[in-house]
Amino acid sequence: MSDADQQFDQFRGTSSYIASEELRHAVNVAVALARPLLVRGEPGTGKTLLAENLARSLGLSLIRWHVKSTTKAKDGLYVYDTVARLHDSRFGGDGHDVRDIARYIKLGPLGEALAAPSRVVLLIDEIDKADIEFPNDLLLELDAMRFRIDETGREVVAAERPVVVITSNNEKELPDAFLRRCVFHYIQFPTRELMTEIVRVHHPDITDRVLDNALEMFFGLRATPKLRKKPSTSELIDWICALRKANVDLSRVSGGIPFLGTLLKTEHDVELVSKRAKA
Amino acid sequence: MLVDFLFELRAKKVPVSTHEWMALMEAMALGLHESSLDGFYHLCRTICVKDIALYDAYDEAFLAYFKDVHADALKLTEALRAWLADPRVLEGLTEEQRQALRELDLEKLRELFEKRLREQKERHDGGNRWIGTGGTSPFGTRGTNPTGMRAGGGGGRSAMAVADERRFKEYRRDIVLDVRQIDMALRGLRRLGREGAQEELDLDETVDKTCKNAGDIDIVFRPPRRNRVKVVLLMDVGGSMDPHAELVSRLFTAASRTGRFAKFRSYYFHNCVYNSVYEDAEFRKGVPVADLLANSDRDEKLVLVGDALMHPAELLDPGGSMYLYTQQRASGIEWLRRLAAHFRSSAWLNPEPERFWPGTTIEVIASVFGMWPLTLDGLAASVRYLVRGGERPKVGEPSKWAKAMGG
């Protein structure tokens, strides 16, 4: 294997995170091209975990930015805490110099990632939760990897381009200009073989028979037509955990799936499945 | 040569920009495609396609462009030649099969393969003719023809096989519509304004007031921004709408979500709107259209959902309602016109596939209301129209109905 190959093939999953071949490839392309990686997929397919494990396998620290419906792009860079400054100017803040604006500037997650002295992994989680315009407001910063703090005139420039992982729940169209700058991967629901590997990572001591039974039931359940929300990988792992804690032997269970509540999360689905079980 | 592929992609409506194409070239220069077609398939998709809804179009373009390349690459390789020539591998065959093998020489096989490939339109499993999996045709993978040739497959999954499977078909935007997606489409239907209780800190105003107050903190609150759009939804139920009931109920679920619109009202009608609409789907609690109009602001958005399919008389004849007791002098189209005239912006969503529209009463109704198909694209377009106005899509030739419509 040449040097270039080694450099390219940096991410191979970790001992606790099994990535499909396609996903590994996408991650390595993103790292090699120094572009943000946009990951989409059904909830519970391990999008967020990907960033954590990528950071671990590259030996870099991870900065997380969990986006909420009220998050503004500027908050990710820095927040100027005016209220604290007002308060200090009125009541005297422990002898601090109120005239020093920099004291009231707090870097946000993106700001921190850019100001970090070495390369970091930045996770922008669930970018689609925020307002429609949110991704557009990040374009310049993600492109140039620099920004300016207007209040102090300080220019923050990334020493090394951070590895950016962005997750989205496939809910909303992201703006084209934003998409153009990203490398995209859609996490497919794992096949049975991959799922076996994944479960084994989380439950190393599970026996083949138990695992087989569990997967049989799980994929059978996912194949139920008209389910509002299909159970995901993370739910399968929780379910197996519950089964093992309660010492349930699936091969002897009759009349419905035990701990159905860990797999199905809407009344409609539970009703549907129990009706089909009776029929 | 790949520039053609770029245009193939763009022709399939995958919006690939020069920016992305340059990135792809850069990536290929770095060798990220691992010098293989499979590698290229994934690399190109990763960089150029940013939407799962477009994966299927990408697969299509990939298939169209690389079909011949693939056939060439297969090239009935030396391995196949050797395999066919190597008698040891053939030991397991019966005399009959050997006979068959002798009958089918390589040139003929290749010819046949390419011919079949051209003829074949879809995926095929089993059977004895087409290229596919299983079966006893000489072409395909995991089959049992002794002289056959493998197309795709092999160790791992080849890009052609993956593209050929078109696993992403169900993600196409013009087909799927679940509540969440409708939700997202409806999110565009908004006009924000500050109204209601003051519960948000207004920082600028606070700083301003505090300064004016000689540094004594004076905190100012303001109401949060809310959607001010008001919506009236009229839904056709029963009869020909039964097959679409699930879809309409999803739309209703998404639209009626609390806090979505400043005001949301929904009514039912059957077939066409006549003098009344109904609060319930059983048509017991009637609301005269006149009352509805009187109680609706002209700025409210009117959205109708229905297949707009009926006997022309039901729409055009005065008293054409299929219910005797609602017989009135005004025709269905007249009632619809009244609705359209009252509301400044309105839209009709039709669950019937667009190809069935021409030549039906849909044409007539589409001349009164802007009509869009009840798909994700149609919904998004209608929302844009409701918020910003613009051109209404033209449906068929309503002019042929002009005489019957009385003008």
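This talk walks through a predicted model, beginning with its confidence scores and then turning to a sheet in chain A, the interface between chains A and B, and a helix pair in chain B.

Let me start with the scores, since they set how the rest should be read. For the model as a whole, the ipTM is 0.72 and the pTM is 0.62. In chain B the average pLDDT is 74, and 66% of the residues score at least 70. There are stretches of chain B to treat with caution: over residues 123-128 the pLDDT stays under 50, although the model has 17 contacts for them beyond four places in sequence. Residues 130-157 of chain B likewise have a pLDDT below 50, and that stretch carries 80 contacts in the model beyond near neighbours in sequence.

Now to chain A and its sheet. Five strands make up an open sheet there, in the order β2-β5-β8-β1-β9, with parallel pairing. At the edges sit β2 (61-66) and β9 of chain A, each of which pairs on one side only. Ignoring direction, neighbouring strands of this sheet are turned by 20° against each other on average.

I would like to dwell on strand β8 of chain A, which spans residues 163-168. How many of its residues are buried? The count is six of six, and the strand is accordingly described as mostly covered. In a regular strand the side chains alternate between the two faces of the sheet. For β8(A), this separates A:Val163, A:Val165 and A:Thr167, which point one way, from A:Val164, A:Ile166 and A:Ser168, which point the other way, and all of them are buried.

As for the partners of β8(A), strand β5 (residues 120-125) of chain A runs parallel to β8(A) and is joined to it by four bridges, with A:Val121 having A:Val163 as its bridge partner. Strand β1(A) also pairs with β8(A) in the parallel sense, again over four bridges, and here A:Leu37 is partnered by A:Val165. Moving on towards the edge, β1(A) and β9(A) run parallel and are joined by five bridges, one pair being A:Leu38 and A:Phe184.

Two of those strands come back when we look at the interface, where 25 residues of chain A are in contact with 24 residues of chain B. On the chain A side, the elements that each supply at least two residues are α1 (3-8), α2 (21-33), β1 (37-41), α5 (82-91), α8 (176-180) and β9 (183-187). Which element gives the largest share of that side? It is α2(A), with six residues. Sorted by class, the side of chain A that touches chain B has 13 nonpolar, five polar and seven charged residues.

Finally, chain B itself, which has 16 helices and 13 strands, and in which buried residues make up 32% of the 407 residues. Of the contacts in chain B between residues at least 6 apart in sequence, 61% join residues at least 24 apart. As a local example, helix α2 (residues 18-29) and helix α3 (residues 37-48) of chain B pack at an angle of about 145°, their axes 9 Å apart, in a right-handed crossing. From α2(B) the contact draws on B:Glu20, B:Ala23, B:Leu24 and B:Ala27, and from α3(B) on B:Leu43, B:Cys44, B:Ile47 and B:Cys48. By class, that contact has seven nonpolar residues, no polar ones and one charged residue.

Methods: Residues are numbered from 1 along each chain as its sequence is written. Chains are lettered from A and ligands numbered from 1 in the order in which they are written. A residue is buried if 20 or more other C-beta atoms lie within 10 Å of its own, exposed if 12 or fewer, and partly exposed in between; C-beta atoms are placed from the backbone. Two residues are in contact if their C-beta atoms, placed from the backbone, lie within 7 Å. Axes are lines fitted to C-alpha atoms, for helices over the stretch in contact, and angles run from 0 to 180 degrees between N-to-C directions. A crossing is left-handed if the near helix is turned anticlockwise from the far one by less than a right angle, and right-handed if clockwise. Ala, Val, Leu, Ile, Met, Phe, Trp, Tyr, Cys and Pro count as nonpolar, Asp, Glu, Lys and Arg as charged, and the others, Gly among them, as polar. pLDDT is the predictor's confidence in each residue, from 0 to 100. Two strands pair if DSSP finds at least two bridges between them.
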